[in-house]
Amino acid sequence: MTTSPLTSDQQQFTEQLLAQMTLAEKIGQMTQPEKNSVKPGDVARLALGSVLSGGGGNPEPNTPAGWRAMVTQFIAEAQQSRLRIPLIYGVDAVHGHNNVVGATIFPHNIGLGATRDAELVRRIGRATALEVAATNVRWNFAPAVSVPQDIRWGRTYEGYSQDPRLVSDLAVALIRGFEGDGWTAPTAVLPSVKHFVADAATTWGSSTRAQSFDRTLSNATMTQDFRELLERGAWQIDQGNAEIDEATLRAVHLPPYRAAIEAGALNVMASYSAWQGLKVHAHRYLLTDVLKGELGFQGFVVSDWEALDQLHPGDYDRCVVDAINAGIDMVMVPFDYERFIGSLTRAVDSSAVPLARIDDAVRRILTAKVALGLFEQPHTDERLLALVGCGAHRDLAREAVQKSLVLLKNAGALPLDPHGPEVLVAGADADDLGAQCGGWTISWMGGRGPTTPGTTILEGLRAAAGPDRVHYSPDGHVTRDYRAGVVVLAEEPYAEGMGDRADLTLSAEQAALVARVRARCEQLTVVLLSGRPLVITEHLPAWDALVAAWLPGTEGQGVADVLFGRVPFSGRLPFDWPRTADHLRRGDGPAPLFALGEAAAALEPVMGD
Ligand code: GLC
């Protein structure tokens with residue numbers, strides 16, 4: 001899109017407003033602190049353009065109404081600033097409004113990629129936008145349009161697929177859902193297409209992110225010890241260096257941005273990663289020449305969380321100059337926002353950053369705010385709160401779960417017979433809502449347990465066949481035999497580089513659990529809850545059925561619907577499924593065990609006798 005998304009009147013309004021702004025007000029618009037850092041009165045005093053909640057940046061109480069009250073306070077304060085430029089609040093609602101207890105949690109993107117259903121994703125985008133707007137939030141740091149190449153990456157599940165065409169189609173669908181009846185409609189939510197560019201193409205071992213255990217990493221609460229995670233590969237690839245050539249960057253990683261911009265996206269988030277050794281946040285060719293020039297992007301580029309600090313550690317002023325001159329328009333500076341404001345002010349005063357660059361950045365920010373109708377309606381309608389976690393949205397999420405499941409093997413074990421003999425369900429992960437939601441759920445890393453209202457897989461199975469017909473053993477130790485056994489195995493919830501793993505095989509405990517159930521049932525089905533394919537080749541011959549369930553979210557009954565045959569399997573692999581443990585980057589090593597787009601032909605239903 002090379003023309004402005006604004007009408008000529010809106011463009012005139014924007015120029016007139018820009019002409020009234022002081023340098024301090026312009027730089028204030030370019031500043032986005034995290035909500036816990038903002039001192040009372042600073043939104044108005046500094047004319048801050050945005051505030052964000054990072055992963056888990058929740059109010060107390062963490063309720064939809066509590067969220068709305070928190071966000072509204074910041075928006076109202078901005079109305080006290082001299083020019084009353086509306087503040088836009090940003091969150092990561094990457095699979096529903098996932099920080100909010102009670103919100104509908106949809107399958108993570110990898111599961112939506114398995115559905116290949118753009119209309120479904122559009123409806124999910126609309127439902128998510130309604131729940132986000134209910135809390136007065138109008139900016140969502142989604143969709144990730146990553147095209148993962150190495151499934152050891154902890155952010156694989158935030159990608160729809162390894163296929164850039166599928167990524168483009170589903171990202172555009174989600175953006176259409178965020179837009180709804182038009183960008184100026186009161187429930188439209190600004191998407192942030194991320195992370196520009198080739199965030200998913202980095203090389204294993206090239207990341208230096210964990211060299212300092214800083215304040216941000218200390219927020220990444222995991223059950224495992226940080227040192228243990230580092231030994232298992234944490235932060236080995238996330239935020240690393242993409243060594244690909246420009247032809248590959250253009251063929252694989254750029255197309256989803258072109259599609260999203262053509263669909264009207266007015267925000268892009270820059271990637272922490274580097275390309276050919278230069279950090280994207282300082283990459284003028286990529287951010288300005290390619291994104292804003294060649295692709296005609298008319299919106300604004302936001303940095304990632306503290307990403308500027310990584311450019312020249314110890315020389316913050318140089319970080320600021322390089323990033324803003326490269327094309328960053330708004331800076332996500334979660335903590336010391338006044339240091340950023342001071343640094344950029346000095347840079348403009350010394351002409352290290354031209355005033356024209358500042359005006360371009362602010363014009364882009366104002367364009368998005370005008371396009372979203374924020375000047376006319378800075379607040380959304382409070383009555384939307386009734387939609388957060390509503391039945392219709394949970395039904396939609398259940399449909400998405402049904403369509404996301406991929407059947408990879410079925411030697412007559414599925415579908416289960418809801419009227420047949422008792423079924424054994426084993427594994428603590430079968431009854432753990434946090435495990436089936438994964439990362440970016442209530443907290444940044446996510447976590448096990450009943451973290452938010454929803455239905456576990458076990459609860460879904462019992463609702464489908466009756467509690468007496470579904471026996472449950474968390475550890476698989478049982479004293480009788482069963483016709484059918486189902487074992488559910490989950491990855492420990494994680495996000496970002498905390499989820500980088502060198503080894504994607506099953507743990508010894510998981511293998512032992514499956515062996516115990518194998519010994520006690522005629523037909524064994526394994527259901528995997530994972531953010532990526534896992535290496536199960538050696539185990540598969542002993543299994544009668546294998547289902548990839550990805551990270552389904554709150555509506556676990558969608559898994560029961562398909563296991564009991566009420567809904568047929570329809571999902572197909574969004575990624576190659578690796579055959580060996582040491583070939584996990586796409587294109588490496590032997591042919592995959594299962595290929596992109598594949599799924600086992602579901603055998604005719606085997607009804608009980
Ligand atoms: C994180 C992620 C980005 C997210 C941002 C705000 O570090 O890289 O995807 O939108 O910070 O939470």
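**View 1. Asp304 meets the ligand in this predicted model.** A polar atom in the Asp304 side chain is 2.6 Å from one of the ligand's oxygens, which fits a polar contact (a pair of N or O atoms within 3.5 Å). Once it is in place, the ligand has 97% of its stand-alone 310 Å² of accessible area covered by the protein (areas by the Shrake-Rupley method with a 1.4 Å probe).

**View 2. His195 and Tyr272 also reach ligand oxygens.** For His195, the gap from a side-chain N or O atom to a ligand oxygen is 2.7 Å. For Tyr272, a polar side-chain atom sits 3.1 Å from a ligand oxygen.

**View 3. Who lines up around the ligand?** The ligand has 15 residues around it, and the closest are Asp92, Arg155, Lys194, His195 and Asp304 (a heavy atom within 4 Å counts as near). That shell splits into 7 nonpolar, 3 polar and 5 charged residues; here Asp, Glu, Lys and Arg count as charged, Ala, Val, Leu, Ile, Met, Phe, Trp, Tyr, Cys and Pro as nonpolar, and the others, Gly among them, as polar.

**View 4. The two domains.** Domain 1 takes in 8-143 + 165-194 + 247-387, and domain 2 runs over 405-563, with bounds from an automatic or database assignment. Their C-alpha centres are 37 Å apart. Domain 1 puts 22 residues into the contact and domain 2 puts in 21 (heavy atoms within 4.5 Å).

**Notes on the model.** Numbering starts from 1 along each chain as its sequence is written, and side-chain values use heavy atoms, leaving out hydrogens and water. Local features need pLDDT of at least 70 and side-chain atom pairs pLDDT 80 or more, while totals for chains, interfaces and linings use all residues.

Key. A polar contact is a pair of N or O atoms within 3.5 Å; within protein, one must be able to donate a hydrogen and the other to accept it, and residues adjacent in sequence count only if both atoms are side-chain atoms.
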